[in-house]
Amino acid sequence: MVKGTNVYGILRAPRGASTESLVLSVPCSPGQQNNQAVGLMLALASYFRGQIYWAKDIIFLVNEHDLIGMEAWLEAYHDVNVTELHSSGMLGRAGAIQAALSLELSSDVITSFDVALEGLNGQLPNLDLVNLFYSFCQKNNLLCTIQGKLQRSDWDSLPAYLHSLQTLLLMVLKQGSGRPQGDHGLFLRYHIEAITLRGINSFRQYKFDMSTMGATLEGMFRKLNNLLERLHQSYFFYLLPSLSRFVSIGVYMPAFGFLILILVLKALDLWMKLSQCDTEADGQACDGEQSPRMVATEEPKPSLLALVPPLLICQATGLALYFVPILGQEMATQHFPVSESEAVVLTAIAIYVGGLALPHNTHRVLMGSGGDRGWMTLKLVALLYLAMQLGCIALVNFSLGFLLAVTLVPVAAIVQPTGPKYLYAVLLVLVTPAATLLFCLFLHGELLEYPISLLEGWQRFLQAIAEGLLDHHLYGSVVFPFVAIFVYPCWLLLWNVLFWK
């Protein structure tokens, strides 16, 4: 149980009817981590109060416990309850929130502003808001970075391309996690365009005082104050290799479509082979190749009931992975010397690994379901199921769909019970969603130029599982239920295909 207090004040617009508002938020937890941002916000509030040009209400918000406090305030402000958080009623409201800025300062000496964009479930703010802040920083000669990296001036050289690629991959990894990278990430759920501005002290040759940052924020609010309508004309789906260039959805989505096309073409190939098996003579094998010997009797055609046992078992395992860790945490703490959070994570890992040891010969219960037609039919279903899943999640969170597609699609297309079975088994284990998460953690450390050891990687892996469960139950993140209920059972179907007898 977490209890906290949010403090907010409303500056009423002297030139408006209080139908629209803007938000300046500062996360504040116990300690002195963000005290400079609170001081700057109070100075801005004092200055804004003496101006007469405001046409929108301005809300100054100090939220405790970061994301939890912000979610509680947003639910209370909009009078909804989309999560299980409980908050007291609002004492005062302003108009409909048009835009929001979240401010975080690491120290009193700031060398640049770092812009955080990724929100809950991979949502992104309108690109116009990002371009507005970047152009204003350029006008004031203030450094502005993204993903902690400063844009290179020699943009058409090979080192600059590699630098842009690193920045792009960092954004893909953060967006694919589905976790909000700042308090702004929760505003996006309510169709409020928001970004988080982090003052960092990484470039020692540049230093800016608080007055420069205050003037920059005041200029941003004046520009947002002049908006006649919501930001809606620019892009909402994009990837940023730098703040001055972006990759549109029309550019990166065809590449993802080609990955899905591999699954569709392989499923079509299996369908044609199954149709050919039904029409060929006894001496023809099901894979379309000439049989080395004539068979005496035709292989019996499996019924669709042969697919029911593996489908039910795999899907039940996914449901157990989603429900059991939370439902059984109290029982686990009573019988084992672990905390509740450790019990949830370890139970999830146990169920995940236990799925590999499930009986994979349930299809042999029915006569005739253990031949080539059986595994080809099951793989056909698994490929179409996987293609549908990746296509749907890519429309919501492209980065998550892309990371899963790059790892799963090539192995899913080639796996079969004949051939180098042990090689296929190793490849399948390496592309399981858990292994993909572990690989992404090591890749993230390399891109930040901060390599992590194996032990640190394992600790971050456990922490990422715990955060994924927590984000789902606190904020409504869909990454964990999507992987547990859909991706993992589909991967188990491919595991069944590999060990088909």
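This is a chat about the domains, sheet, helices and aromatic pairs of a predicted model.

Trainee: Okay, what kind of model am I looking at?
Mentor: A predicted one, so keep that in mind throughout.

Trainee: Which domains does the assignment give?
Mentor: Domain 1 covers 7–243, and domain 2 is made of 252–278 + 304–499.

Trainee: And how many residues are in contact between domain 1 and domain 2?
Mentor: On the domain 1 side there are 26 residues, in contact with 22 residues of domain 2. The domain centres, taken over C-alpha atoms, are 36 Å apart.

Trainee: Let's do the sheet. What's the strand order?
Mentor: Reading across, you get β1-β3-β2-β4-β7-β5-β6. That's 7 strands in an open sheet with mixed pairing.

Trainee: Which strands sit at the edges?
Mentor: β1 (7–11) and β6 (144–146), each pairing on one side only. From one strand to the next, the twist averages 25°.

Trainee: What does β3 pair with, going by the bridges to β1 and β2?
Mentor: β1 and β3 are antiparallel, with 5 bridges. β2 and β3 run parallel, joined by 7 bridges. Have a look at Phe-60 in β3: Gly-9 stands opposite Phe-60, and so does Leu-24.

Trainee: Is β3 buried or exposed?
Mentor: Buried: 7 of the 7 residues of β3 are, so the strand is largely enclosed by the rest of the structure. One side has Asp-57, Ile-59, Leu-61 and Asn-63, the other has Ile-58, Phe-60 and Val-62, and both faces are covered.

Trainee: How about β5 and β7, parallel or antiparallel?
Mentor: Antiparallel, over 5 bridges between β5 (residues 112–116) and β7 (residues 193–200). One registry point to check is Ala-116, whose bridge partner in β7 is Thr-196.

Trainee: Which helix lies across β4?
Mentor: Helix α6 (residues 210–225), which also lies across β2, β3, β5 and β7. Its direction is at about 170° to β4.

Trainee: Switching to rings. Which residues does the cluster with Phe-60 link?
Mentor: Tyr-47, Phe-48, Tyr-53, Trp-54, Phe-60 and Phe-221, joined through ring pairs. That's the Phe-60 we met in β3, facing Gly-9.

Trainee: What lies over the face of Tyr-53?
Mentor: Arg-222, at 4.1 Å from the ring centre.

Trainee: How many aromatic pairs are there in the whole structure?
Mentor: A search finds 20. Take Trp-491 and Trp-495 as an example: their ring centres are 5.4 Å apart and the planes are at 20°, so the pair is stacked.

Trainee: Why does that angle count as stacked?
Mentor: Because planes under 30 degrees apart count as stacked, and the planes of Trp-491 and Trp-495 are at 20°.

Trainee: Where do those two Trp residues sit in helix α16?
Mentor: Trp-491 and Trp-495 are 4 residues apart in helix α16 (residues 479–498), so about one helical turn separates them.

Trainee: Are they buried or exposed?
Mentor: Buried: Trp-491 has 2% relative accessibility, and Trp-495 has a relative accessible area of 8%.

Trainee: Staying in that helix, what does Ile-485 touch?
Mentor: Leaving out residues up to four places away in sequence, Ile-485 touches Gln-315, Gly-318, Leu-319, Tyr-322 and Tyr-385. Ile-485 lies in α16 and counts as buried at 16% relative accessibility.

Trainee: How far is the C-alpha of Ile-485 from that of Ile-97?
Mentor: 35 Å, with their places 388 residues apart along the chain.

Trainee: Now His-163. Buried or exposed?
Mentor: At 18% relative accessibility, His-163 counts as buried, because the cut-off is under 20%. His-163 is in helix α4 (residues 158–177). Apart from neighbours within four places in sequence, His-163 is in contact with Lys-149, Leu-150 and Arg-152.

Trainee: Last one: what joins β8 to β9?
Mentor: A hairpin, through 2 residues. β8 and β9 (residues 245–248) run antiparallel with 3 bridges, and Tyr-238 stands opposite Ser-248. In β8 (residues 238–242), 5 of the 5 residues are buried, so that strand is largely enclosed by the rest of the structure.

How values were computed: Residues numbered from 1 in each chain as written. Predicted model: local features only at pLDDT ≥ 70, side-chain atom pairs only at ≥ 80, totals over all residues. Heavy atoms only, no water. Phe/Tyr/Trp six-rings, centres within 6.5 Å; stacked < 30°, edge-to-face > 60°. Buried < 20%, exposed > 50% of the residue type's maximum accessible area, 1.4 Å probe, protein only. Lys NZ or Arg CZ within 6 Å of the ring centre and 35° of its normal. Contact = heavy atoms within 4.5 Å. Pairing = 2+ DSSP bridges. Axes fitted to C-alpha atoms, helices over the stretch in contact; angles between N-to-C directions. Domains from an automatic or database assignment.
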